[in-house]
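This report looks at how a ligand is held by its protein and at how two helices pack. The structure comes first, then the notes.

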Amino acid sequence: MNTETIYTLKDLKTVEFSGTPLAVVGHPIKHSLSPAMHNAALDRLREQDSRFLDWAYYRFDIAPEQLAEALALFHKRSFLGLNLTIPHKVQAMELIQGVSVDARRMGAVNTLVWDELGYDGFNTDGYGLLRGLDLDLGLSLKDASIMLLGSGGAARAAAVQCILAGCARLYIGNRTPTHLQDLIAVLGAMPGGERVQPFILPELPQGLPEQGLLINATSLGLQSDDPAPIDLAQLPTAWKVYDMIYNPPVTALLEQARTVDRANANGLSMLVHQGARSLEIWSHHTVDAQMMMAAARHALELPPRDD
Ligand code: NAP
């Protein structure tokens with residue numbers, strides 16, 4: 001069985017996936033880094049513990065209208081764990097047996113764990129962000145002032161994580177007011193939701209504190225000729241910048257940050273650590289995230305990190 005092959009619903013019906021299979025499920029799925037990251041981490045786990053000898057991580061291209069049938073088949077075929085990516089993270093919540101409290105708040109699941117009665121859903125994106133900020137920028141969300149751009153799935157996970165982590169203030173800006181209002185309604189129902197201050201892009205809020213962190217969770221920057229979502233010159237000079245986008249590795253926003261020497265990082269560390277957390281949930285074992293980072297960078301044709 002080839003872990004780089006793109007499998008389909010038809011394969012799920014006809015191919016025998018022996019051992020302990022795991023998979024990422026999305027549409028499209030061709031460019032996912034998850035198989036490279038997870039199979040690198042599994043290589044390391046196999047060296048440490050023989051119970052991982054038959055574990056393997058595959059990729060499946062499953063269209064939204066196929067998801068219900070596919071999840072039932074994955075379960076029947078005993079796939080121990082699934083990562084869900086675009087566009088399945090929200091739809092899957094109605095198709096599984098249980099959803100963790102945090103994932104319910106985040107409105108999405110990215111990690112499913114097999115149980116006799118069905119799959120249980122978790123969301124590790126917020127955890128990935130937390131670890132990424134710590135490792136790349138030496139930042140904790142606790143007591144921090146955060147400006148979050150976007151109101152889609154990634155912003156929602158980040159916003160919930162900021163509040164759970166005890167941020168001091170959370171400014172959330174979005175282009176479309178109705179999408180922003182939906183997010184604010186969810187956050188307003190959480191303890192700490194009163195720390196949220198919404199604003200409509202491209203205007204920024206006034207009276208910002210001297211220190212803070214800007215997180216871009218919009219998809220503006222995914223195309224190499226996209227402009228930055230805001231002009232960084234409007235933020236106090238000590239504010240740091242985290243762009244959830246990792247491909248391209250340097251967006252126009254990060255380019256602006258680099259030009260004036262602001263601390264900055266892209267979203268690769270978030271991607272790696274959400275994946276590492278998924279594998280820890282499935283394996284109940286510590287996972288080598290550095291190994292996953294090296295595999296992700298290799299897949300993106302980036303040079304190895306020197307830390
Ligand atoms: P999504 O649900 O489609 O949300 C997209 C967001 O981007 C919305 O808030 C949308 O605003 C905003 N947006 C799109 N085009 C814009 C434009 N031209 N100007 C201003 N705002 C614009 O997507 P998502 O799943 O949240 O993902 C958002 C980004 O995070 C993507 O780039 C994705 O690759 C990245 N991401 C990274 C990781 C990681 O591990 N590093 C994980 C998840 C996501 P409107 O409401 O106005 O449409």
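## Helix packing

α9 and α10 cross in a right-handed sense. The model is a predicted one. Helix α10 covers residues 289-299, and the axes of α9 and α10 are 9 Å apart, at an angle of about 130 degrees. The pair is therefore classed as oblique, because an angle counts as roughly antiparallel over 145 degrees and as roughly perpendicular from 65 to 115.

Two packed helices are described by the angle between their axes and by the distance between those axes.

## Polar contacts to the ligand

Three residues can be taken in turn, starting with the side-chain contact. In T176, a side-chain N or O atom lies 2.4 Å from an oxygen atom of the ligand. The backbone serves at S151, where a polar atom is 2.8 Å from a ligand oxygen. At A154 a backbone N or O atom is likewise placed 2.8 Å from an oxygen atom of the ligand.

The ligand on its own would expose 920 Å², and the protein buries 75% of that area. Two elements, α6 (153-164) and α9 (268-283), each give two or more residues to the shell around the ligand.

## The surrounding shell

The ligand is surrounded by 20 residues. S151, A154, N174, T176 and H179 are the closest.

What is the make-up of the shell in nonpolar, polar and charged residues? It divides into 9 nonpolar, 10 polar and 1 charged.

Conventions:
Residues are numbered from 1 along each chain as its sequence is written. This is a predicted model: local features need pLDDT of at least 70, side-chain atom pairs count only at pLDDT 80 or more; totals for chains, interfaces and linings use all residues. Side-chain values use heavy atoms; hydrogens and water are left out. A residue is near a molecule or strand if one of its heavy atoms lies within 4 Å of it. A polar contact is a pair of N or O atoms within 3.5 Å; within protein, one must be able to donate a hydrogen and the other to accept it, and residues adjacent in sequence count only if both atoms are side-chain atoms. Accessible areas come from the Shrake-Rupley method with a 1.4 Å probe; for residues, only the protein chains shown count as cover. Helices (H or I, at least four residues) and strands (E, at least two) are DSSP runs, numbered from the N terminus. Ala, Val, Leu, Ile, Met, Phe, Trp, Tyr, Cys and Pro count as nonpolar, Asp, Glu, Lys and Arg as charged, and the others, Gly among them, as polar. Axes are lines fitted to C-alpha atoms, for helices over the stretch in contact, and angles run from 0 to 180 degrees between N-to-C directions. Angles under 35 degrees count as roughly parallel, over 145 as roughly antiparallel, 65 to 115 as roughly perpendicular and the rest as oblique. A crossing is left-handed if the near helix is turned anticlockwise from the far one by less than a right angle, and right-handed if clockwise.
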